[in-house]
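I opened my notebook to look through this structure step by step. Come along and check each entry against the picture.

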Amino acid sequence: MTSGLRAPMLMLNDASHTEIPQIGFGTFQIPADQTQRAVEEALEIGYRHIDTAAAYYNEEAVGAALKATGMAGQVFVTSKLRNCDQGYGQTLIAFEDSRRKLGVDCVDMYLIHWPMPRIDAYRQTWKALLKLRDDGEIRVPAVSNFLPEHLEALYEDSGEYPAVNQIENHPRYSQPETLRFCREHGIAVEAWSPLGHGGDMNAEPVVAAAEAHHVTPAEVVLRWYTQSGRIVIPKSKHADRMRQNLASAGFDLTASELAAIDALSSPEGLIGADPVTYVQSQSWADQKARGNV
Ligand code: NDP
């Protein structure tokens, strides 16, 4: 039994004008043995967009949830290429592995997880994603953690920008320059760690807006994205929070409330890696041998 709660839909700027549910369910750091149940619960609550990645080692659990609920084909599924699989030929092989684990014919959106400019393989990787799109294996080729300079490089090589850039985005770190570039070039921004790992909900303008609208700080933060045309993928292990997050589009923030939250961003707010310097090229086996995972 699924509820009638649904996220608003956003039309992307890709050639097919693909529609994506603006609020998806993030699956990073949900323990592997709990992921299937969490995804099934999210689908029951009404999520129709699930975000996973090869690097989360839970694509099989996401696929199992789609199979168990009979909802494959009705849910927008995103996965991401592992960093160590960049490069044209390796991308095609790694994608096939992800698709098999997810148990779908076509992956709705497939992202280059990080640009890793020091490895300098992301442009070849992008060409592989375009081939997968042209062959009907993925609907939307897209990227994650790309800065304007990396997006420009893709455009110079291929003549097209990705339709989506999934980036670290939360009130204390909203990357205004990348947001502006994406807006100017029709690239939808998808916010990862939208709640700042839970830490951005105590900011004064967020708390004030929550009191004014009789909602929670999480709902205020999530509405701040959807009202400004961003996509958002909050993660929670708790059904009440999953429900609250999906229902967060049911009120409107004022222009001054939106501006006050915009003003919280600063370079010190970064909680993830720097896309310019981040390199992670070890395979899973290498990382395990080194005790990193
Ligand atoms: P989030 O910003 O979504 O925060 C998750 C934290 O917030 C958890 O501790 C959760 O706790 C808590 N939380 C969730 N909802 C509420 C609520 N309504 N009220 C109070 N607390 C709440 O962080 P993530 O880092 O998980 O990011 C979301 C998703 O983004 C990931 O799951 C992943 O899919 C994607 N991602 C992508 C990256 C990339 O490089 N492309 C990098 C990192 C993440 P609890 O679970 O206990 O409810």
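**Rings first**

I began with the aromatic side chains and noted that Trp114, Trp192 and Tyr278 make up one aromatic cluster. I kept in mind that I was reading a predicted model. Next I wanted the total: how many aromatic pairs does a search of the whole structure find? The search comes back with nine. I also wrote down how such a pair is described: by the distance of the ring centres and the angle of the planes.

**Charges over rings**

Then I looked for charged groups above rings. Arg230 is over the face of Trp224, and I noted 4.3 Å to the ring centre. I found Arg123 too, with its charged end over the ring of Tyr122, 5.8 Å from the centre. Both entries count because the cut-off is 6 Å from the ring centre, together with a limit of 35 degrees from the ring normal.

**Around the ligand**

I turned to the ligand and asked which residues are closest to it. They are Asp51, Ser193, Leu195, Ser236 and Arg241, out of 29 that surround the ligand. Helix 9, residues 239-246, gives the largest share of this shell, with three residues.

I listed some polar contacts as well. A ligand nitrogen is 2.9 Å from an N or O atom in the side chain of Asn245. A ligand oxygen is 3.2 Å from a polar backbone atom of Thr27, and I recorded 3.2 Å between a ligand oxygen and a polar backbone atom of Pro194. Taken alone, the ligand exposes 910 Å², and the protein buries 89% of that.

My last entry was about the pocket: the space taken by the ligand is the largest one.

How values were computed. Residues numbered from 1 in each chain as written. Predicted model: local features only at pLDDT ≥ 70, side-chain atom pairs only at ≥ 80, totals over all residues. Heavy atoms only, no water. Phe/Tyr/Trp six-rings, centres within 6.5 Å; stacked < 30°, edge-to-face > 60°. Near = heavy atom within 4 Å. Polar contact = N/O pair within 3.5 Å; in protein donor to acceptor, adjacent residues only side chain to side chain. Areas by Shrake-Rupley, 256 points an atom, 1.4 Å probe, with all protein chains shown as cover. 1 Å grid on protein atoms, 1.4 Å probe; cavity = no way out; pocket = protein on both sides within 12 Å on 5 of 7 lines; lining within 4 Å. Sits in = over half its atoms within 2 Å of the grid points. Helix = DSSP H or I, 4+ residues; strand = E, 2+ residues; numbered from the N terminus.
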